[in-house]
2 protein chains.
Amino acid sequence: MSNAATPFPTATESDPVALGWMQGAPPPAERLVRFQEMGHFQFPKSRWAFANLRQLVPTTRIWRGEGPAATLPRHDVDGIDDIRFTTLTGQPMRWAESLAANYTDAIAVLHRGQLVYERYSGAMAPHRTHTAFSVTKSYTGTLATMLVHEGVLQEGWTVPHLIPELAGTAYGDATVRQVMDMQIGVDYSEDYADPNAGIWEHARAGGTFPRPPGYAGAQSFFAFLRQLKKQGPHGQDFAYKTVNTDVLGWLIRRATGVGYGELLSQRLWQPLGCEEDADMMVDSEGTEFAGGGLCATLRDMLRLGEAMRCDGAFNGRQVIPAAVVHDIRGGGNPEAFRANGPPTLPGGSYRAMWWATHDDHGTYAARGIHGQAIVIDPWAETVIARFASHPLAANVHLDPTSLPAYRALGQWLRHHRSPA
Amino acid sequence: MSNAATPFPTATESDPVALGWMQGAPPPAERLVRFQEMGHFQFPKSRWAFANLRQLVPTTRIWRGEGPAATLPRHDVDGIDDIRFTTLTGQPMRWAESLAANYTDAIAVLHRGQLVYERYSGAMAPHRTHTAFSVTKSYTGTLATMLVHEGVLQEGWTVPHLIPELAGTAYGDATVRQVMDMQIGVDYSEDYADPNAGIWEHARAGGTFPRPPGYAGAQSFFAFLRQLKKQGPHGQDFAYKTVNTDVLGWLIRRATGVGYGELLSQRLWQPLGCEEDADMMVDSEGTEFAGGGLCATLRDMLRLGEAMRCDGAFNGRQVIPAAVVHDIRGGGNPEAFRANGPPTLPGGSYRAMWWATHDDHGTYAARGIHGQAIVIDPWAETVIARFASHPLAANVHLDPTSLPAYRALGQWLRHHRSPA
């Protein structure tokens with residue numbers, strides 16, 4: 001799918017700095033991006049909002065700790081912009097063109113641990129955080145897998161073992177493992193294009209989407225989760241539903257007794273040597289939005305990706321046990337994935353909130369709506385992190401000009417650069 | 001005034017960790033601190049909220065930059081807790097007792113640039129930010145004085161020279177200098193004890209205090225400022241009104257073309273070598289609350305104080321021009337201060353949003369409600385930073401057990417410790 005197929009302004013036409021969102025003291029009324037007016041989800045205002053979410057909603061801090069940042073040695077490589085590939089719809093395209101096609105706000109590439117490419121546009125800069133949307137889920141899934149590895153969380157437990165409040169809900173007979181892999185039968189829709197879908201009810205409950213006047217729905221993420229009814233069996237088809245990740249976040253809190261934000265800081269942000277604090281959306285009960293609330297810098301997302309590529313070893317330490325990385329990158333069950341997996345990931349699978357492609361590069365990824373991504377290509381020894389603000393939420397709109405570009409980049413880097 | 005004179009639980013009884021605010025997943029209903037329920041201003045919930053404001057309201061980041069933090073060399077000095085002084089009401093008291101009397105959340109002391117004392121309690125820790133309330137004003141006044149020094153802002157300009165929108169308001173014929181020194185005749189009350197006072201209207205407009213259902217008032221700080229009417233002359237009596245600082249913040253933005261938060265980062269947070277980012281409350285137009293929105297760490301407030309004590313030189317550079325520091329610490333006009341200055345600061349004055357005592361130590365201070373403070377004692381070569389969550393807003397409730405304690409500390413340190 002090319003831009004030409006959409007009715008939206010191009011990346012250049014919708015540049016948030018050129019459009020002047022929130023510029024001026026005060027900004028003119030027609031240049032305001034207000035949470036109450038859903039501006040943070042409305043393209044093209046979203047292109048400013050995604051890089052400024054903490055100005056719109058309450059957040060908590062994911063502390064980076066006191067130590068120095070883990071170095072990402074810089075070795076700019078020329079020629080990447082000219083890499084040619086064919087989109088999934090059969091069109092020839094250059095790498096540089098793919099960035100505009102995807103409304104890329106920021107993108108960077110590590111090859112064998114070296115920062116070979118880094119670009120920021122619009123409202124972004126290296127030190128600025130951008131919403132990661134459902135890339136958050138992969139952080140949650142990694143933490144959960146670490147806890148399973150330690151025995152603090154057990155795959156076979158049913159959810160009420162730790163959360164009695166969820167007995168009698170969709171999760172009453174679901175196991176921790178089924179939650180981690182999104183094999184849950186629950187009456188809830190993740191269709192972002194449907195304003196009545198459960199995903200929006202969930203967001204309103206958590207305060208991450210504005211509530212209409214007289215709103216009488218759930219007042220928190222957990223209150224919403226307690227309302228969910230079972231629909232269909234667990235342990236069968238993969239079905240991507242954000243509520244599962246928030247149940248997993250709840251399980252993690254109960255298993256550890258530590259707040260999610262604090263745990264994320266202790267277990268990943270600090271040992272990864274992240275260079276900036278991250279922001280995380282919280283609801284009115286102080287519950288972090290485990291399914292999509294993280295806002296991070298691009299380089300700090302690269303750090304997680306590089307740790308995963310290196311069997312969990314990064315920044316001079318074993319940040320994540322190798323067994324945890326192997327479990328995740330091995331992927332899930334492609335049979336379970338077939339019915340509901342996106343058409344752009346044929347033969348793929350989902351495990352512990354990560355997407356596996358099962359391609360010949362062993363590529364796996366963290367993915368968030370509107371184009372947020374961490375892509376790890378073990379064969380090519382590359383990690384790519386991307387923030388974007390595509391007009392449409394679903395990544396099937398970005399994949400045709402992204403997935404083949406990333407594959408071509410990996411092949412080019414592997415053949416172009418001799419081993420260090 | 002001692003604790004015994006108030007009907008409030010003591011500092012120990014109101015410890016926010018012991019009381020369990022926002023603990024649990026989710027916290028029980030009676031342990032929630034919600035913005036909409038004004039919990040962040042209700043003692044004793046305030047003792048949690050003041051250390052967690054960004055979880056309750058939108059904020060922007062004051063970036064610390066990429067460099068290392070400026071060192072505050074640690075030389076713990078024994079005996080400070082036992083320093084004896086007499087309160088302003090004539091009672092003998094030990095330093096350690098004064099901390100509880102003032103509901104101190106965090107306090108630290110620099111002597112000749114060395115960190116000789118540092119204590120955190122309740123919800124606080126060295127890396128955590130706490131609301132600075134009107135200590136924010138002194139940051140704003142320092143930035144403004146720097147701009148005046150550079151000629152970017154001129155004392156004699158009337159406000160409409162930069163903000164035509166304020167012609168016809170209280171500020172139509174006010175000068176920049178009069179705004180800086182709070183010598184403005186404006187129909188607006190800063191009485192925190194009166195729920196109908198203008199300060200609460202201002203806070204509701206800016207979204208830093210909850211709006212009632214059907215709220216139809218101003219939608220932003222600037223919209224509220226445009227409604228203010230003149231009452232009495234300018235340039236006469238000092239009258240402490242937060243709106244003046246937000247006018248000054250607006251003037252700074254118009255003079256520089258840079259957002260307040262960005263300017264605060266560039267001019268102070270980065271060159272001071274602050275160790276953590278700060279948070280700053282913003283309204284729905286992205287306007288930083290220049291009159292009271294800063295949340296910082298204790299040590300980072302010390303860094304501004306030490307720079308002021310050292311004629312602006314700190315962290316290996318001239319962060320603030322010496323002439324700017326001399327201007328501020330010289331204080332304002334005690335005659336103008338007499339009518340409305342707090343009774344605990346007799347003979348004092350106000351200049352550029354800083355409080356001068358004109359005592360024989362040359363003490364001057366940044367002060368915020370509920371006990372936030374930076375106190376600089378040039379004679380004793382000390383800087384004290386304090387965060388507190390006293391049940392009552394006005395510092396006259398803390399001064400009796402604070403001001404003589406700080407003076408006694410300065411005398412003790414000067415005589416106890418030989419020059420380095």
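Colleague: Two strands count as paired if DSSP finds at least two bridges between them. On that basis, which residue of E14(B) stands opposite B:Tyr364?

Modeller: B:Ile376 is the residue opposite B:Tyr364. Keep in mind that this is a predicted model.

Colleague: Noted. How many bridges hold those two strands, and in which sense do they pair?

Modeller: Strand E13 (residues 364-368) and strand E14 (residues 372-377) of chain B are antiparallel, with five bridges between them.

Colleague: What sheet do they sit in?

Modeller: An open sheet of seven strands in chain B, in the order E5-E4-E15-E14-E13-E12-E11, with antiparallel pairing. At its edges are E5 and strand E11 (349-351) of chain B, each of which pairs on one side only. From one strand to the next the twist averages 20°.

Colleague: How is E5(B) joined to E4(B)?

Modeller: By six bridges, with strand E4 (residues 104-111) and strand E5 (residues 114-120) of chain B running antiparallel. Within that pair, B:Leu110 has B:Leu115 as its bridge partner. The two strands form a hairpin with two residues between them. One residue of the turn, B:Arg112, has a positive phi of about 50°.

Colleague: Which residue has a positive phi in chain A?

Modeller: A:Met182, near 55°, and it is not a glycine. You will find A:Met182 in the loop between helix H5 (176-180) and helix H6 (198-206) of chain A.

Colleague: While we are on backbone geometry, is the peptide bond from A:Ala25 to A:Pro26 cis or trans?

Modeller: Cis, with omega near -5°. A:Pro26 is in the loop between helix H1 (16-19) and helix H2 (46-49) of chain A.

Colleague: And what is omega between B:Ala25 and B:Pro26?

Modeller: About 0°, so to speak the cis case again: a cis peptide bond joins B:Ala25 and B:Pro26. In chain B the proline lies in the segment before helix H1 (46-49). Watch the helix numbers there, since residues 46-49 are H2 in chain A and H1 in chain B.

Colleague: Change of topic. What rotation puts chain A on chain B?

Modeller: One of 180°, with 0.0 Å of shift along the axis and an RMSD of 0.0 Å. The two copies are therefore related as by a two-fold rotation axis.

Colleague: Which C-alpha of chain A is nearest the axis?

Modeller: That of A:Pro58, at 2.4 Å. Both copies use the same surface, and 100% of the contact residues of chain A recur in chain B.

Colleague: How many residues does the contact take from each chain?

Modeller: It takes 27 from chain A and 27 from chain B. On the chain A side, E1 and helix H8 (242-256) each supply at least two residues. That side of chain A divides into twelve nonpolar, eight polar and seven charged residues.

Colleague: What sheet is E1(A) part of?

Modeller: A four-stranded open sheet of chain A, ordered E1-E7-E8-E6, with antiparallel pairing. Strand E1 (59-62) and strand E6 (130-131) of chain A are at the edges with a single partner strand each, so each has one side without a neighbour in the sheet.

Colleague: What pairs with E1(A)?

Modeller: Strand E7 (residues 278-281) of chain A, antiparallel, over four bridges. A:Thr60 is opposite A:Met280 of E7(A). Helix H9 (residues 260-269) of chain A lies across E1 and E7, at about 25° to E1(A).

Colleague: Now the helices of chain B. At what angle do H3 and H8 pack?

Modeller: Helix H3 (residues 135-150) and helix H8 (residues 242-256) of chain B pack at about 40°, with axes 10 Å apart. The angle makes H3(B) oblique to H8(B). Their crossing is left-handed. The residues of this contact are six nonpolar, four polar and one charged.

Colleague: And how do H3(B) and H9(B) cross?

Modeller: At roughly 75°, and their axes come within 11 Å. That makes H3(B) roughly perpendicular to H9(B), because angles of 65 to 115 degrees count as such.

Colleague: Which residues make that contact?

Modeller: B:Tyr139, B:Leu143 and B:Met146 from H3(B), and B:Leu263, B:Leu264, B:Arg267 and B:Leu268 from H9(B). By class they are six nonpolar, no polar and one charged.

Notes. Residues are numbered from 1 along each chain as its sequence is written. Chains are lettered from A and ligands numbered from 1 in the order in which they are written. This is a predicted model: local features need pLDDT of at least 70, side-chain atom pairs count only at pLDDT 80 or more; totals for chains, interfaces and linings use all residues. Axes are lines fitted to C-alpha atoms, for helices over the stretch in contact, and angles run from 0 to 180 degrees between N-to-C directions. Angles under 35 degrees count as roughly parallel, over 145 as roughly antiparallel, 65 to 115 as roughly perpendicular and the rest as oblique. A crossing is left-handed if the near helix is turned anticlockwise from the far one by less than a right angle, and right-handed if clockwise. Ala, Val, Leu, Ile, Met, Phe, Trp, Tyr, Cys and Pro count as nonpolar, Asp, Glu, Lys and Arg as charged, and the others, Gly among them, as polar. Copies are superposed by least squares on the C-alpha atoms of residues with pLDDT of at least 70 in both. Two residues are in contact if their C-beta atoms, placed from the backbone, lie within 7 Å.
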